[in-house]
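Let's take a walk through this structure, one region at a time. Keep the model open beside you as you read.

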Amino acid sequence: MTEAVAADNSSRNNLLLIAAGGLLSGLLTPLTPQLIDKFTGGSGNLRMALVAVPFAVLVFFVVRRCSANPVWAALLAGIVTMVAFVCAVNAAIWIDLQAYGASKMMRNVLAGLAGGFVGAGLMALAIALLPAGPRDAALWMRMLLTGTLAGTLMAVDSALDLDLTSVLYPVWQAAVAVRLAMVLQRGTLT
């Protein structure tokens, strides 16, 4: 009985550490373009992918800690995270352009939903295909739903006119990282 309580506390502590890591990576994400701009060269998408490095590092550690995946698979999960970030930003931009004529708040909500869905969806799909990734789609739905709904915080960032800080990134990254850890932990139990 005490082993079950200790394991539950350990799992809870891991999730709290992962959430804290998500908050930290989310605080660093809007600051990284300032650093990247000091270096010249590279395409816009490559530079955008580099903005996702703080979150990709967190995803690497989550995949390593919460699953039986080898190091190469965790590295691949980090790279996929960077690709998902680029795709999410591009999806948000595309939806914003499609909603031309709507209010700025509505465009931001729709763009945030699209970006959150694409980012979380690509991450879920790719990480599910890793050697120790759970193949049960139902396990991934919570992560997908969390990422999609947290994407609406893009409207908060816009309404508050935030530039070097963000509400979206810390909340989205913490929530998606915790959901990822929960999926991977539950996948090792089955």
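A quick word on contact before we start: two residues are in contact here when they have heavy atoms within 4.5 Å. Keep in mind, too, that this is a predicted model.

With that in hand, go to threonine 146, which sits in helix α7, the stretch covering residues 137-150. Set aside its neighbours within four places in sequence, and threonine 146 is in contact with Ala175, Val176 and Arg179. For one of these partners there is also a distance: the C-alpha atoms of threonine 146 and arginine 179 are separated by 7.7 Å, with their positions 33 residues apart along the chain. Is threonine 146 buried or exposed? Its relative accessible area is 18%, and the cut-off for buried is under 20%, so threonine 146 counts as buried.

Next, find glutamine 173 in helix α9. At 2% relative accessibility, this glutamine is buried. Which residues does glutamine 173 touch, not counting those up to four places away in sequence? The list runs Gly22, Ser25, Gly26, Thr29, Phe55 and Leu168. Alanine 20 gives a handy distance here: the C-alpha atoms of glutamine 173 and alanine 20 are 9.8 Å apart, although 153 residues separate them along the chain.

Leucine 24 makes a good counterpoint. It belongs to helix α1, residues 2-28, and has a relative accessible area of 51%. Exposed means over 50%, so leucine 24 falls in the exposed class. If you'd like a longer span to trace on screen, go from leucine 24 to arginine 135: they are 111 residues apart in sequence and 29 Å apart in space, C-alpha to C-alpha.

Phe55, one of the residues that glutamine 173 touches, also leads us to a helix pair. Helix α4 (residues 53-66) packs against α5 at an angle of about 150°, and their axes are 8 Å apart. The crossing of α4 and α5 is right-handed. On the α4 side, the contact is made by Val53, Phe55, Ala56, Val59, Phe60, Val63 and Arg64; α5 brings Val71, Ala74, Leu75, Ala77, Gly78, Thr81 and Met82. Sorted by class, that gives 11 nonpolar, 2 polar and 1 charged residues.

Helix α5, residues 71-98, has a part in the largest pocket too, as one of the helices that supply at least two residues of its lining. The others in that group are α2 (32-36), α6 (104-128), α8 (154-159) and α9 (168-189). Which helix gives the largest share of the lining? That is α6, with 9 residues. The pocket holds about 730 Å³ of space and is lined by 35 residues. Of these, Val89, Met154, Asp157, Leu168 and Tyr169 lie nearest the pocket's centre. By class, the lining divides into 18 nonpolar, 12 polar and 5 charged residues.

Let's stay with one of those central residues. Aspartate 157 lies in helix α8 and is buried, with a relative accessible area of 10%. Leaving aside neighbours within four places in sequence, aspartate 157 is in contact with Leu162, Ser166, Val167 and Leu168. Tyrosine 169 is 12 residues from aspartate 157 along the chain, and their C-alpha atoms are separated by 9.5 Å.

To finish, step into the loop between α8 and α9, where aspartate 161 is found. What is the phi of aspartate 161? It is near 55°, a positive value in a residue other than glycine. Unlike the buried aspartate 157, aspartate 161 counts as exposed, at 64% relative accessibility.

Notes:
Residues numbered from 1 in each chain as written. Predicted model: local features only at pLDDT ≥ 70, side-chain atom pairs only at ≥ 80, totals over all residues. Heavy atoms only, no water. 1 Å grid on protein atoms, 1.4 Å probe; cavity = no way out; pocket = protein on both sides within 12 Å on 5 of 7 lines; lining within 4 Å. Points joined across faces, edges and corners; volume = space filled by probe spheres on them. Helix = DSSP H or I, 4+ residues; strand = E, 2+ residues; numbered from the N terminus. Nonpolar A, V, L, I, M, F, W, Y, C, P; charged D, E, K, R; others polar. Axes fitted to C-alpha atoms, helices over the stretch in contact; angles between N-to-C directions. Left-handed = near helix turned anticlockwise from the far one by under 90°. Buried < 20%, exposed > 50% of the residue type's maximum accessible area, 1.4 Å probe, protein only.
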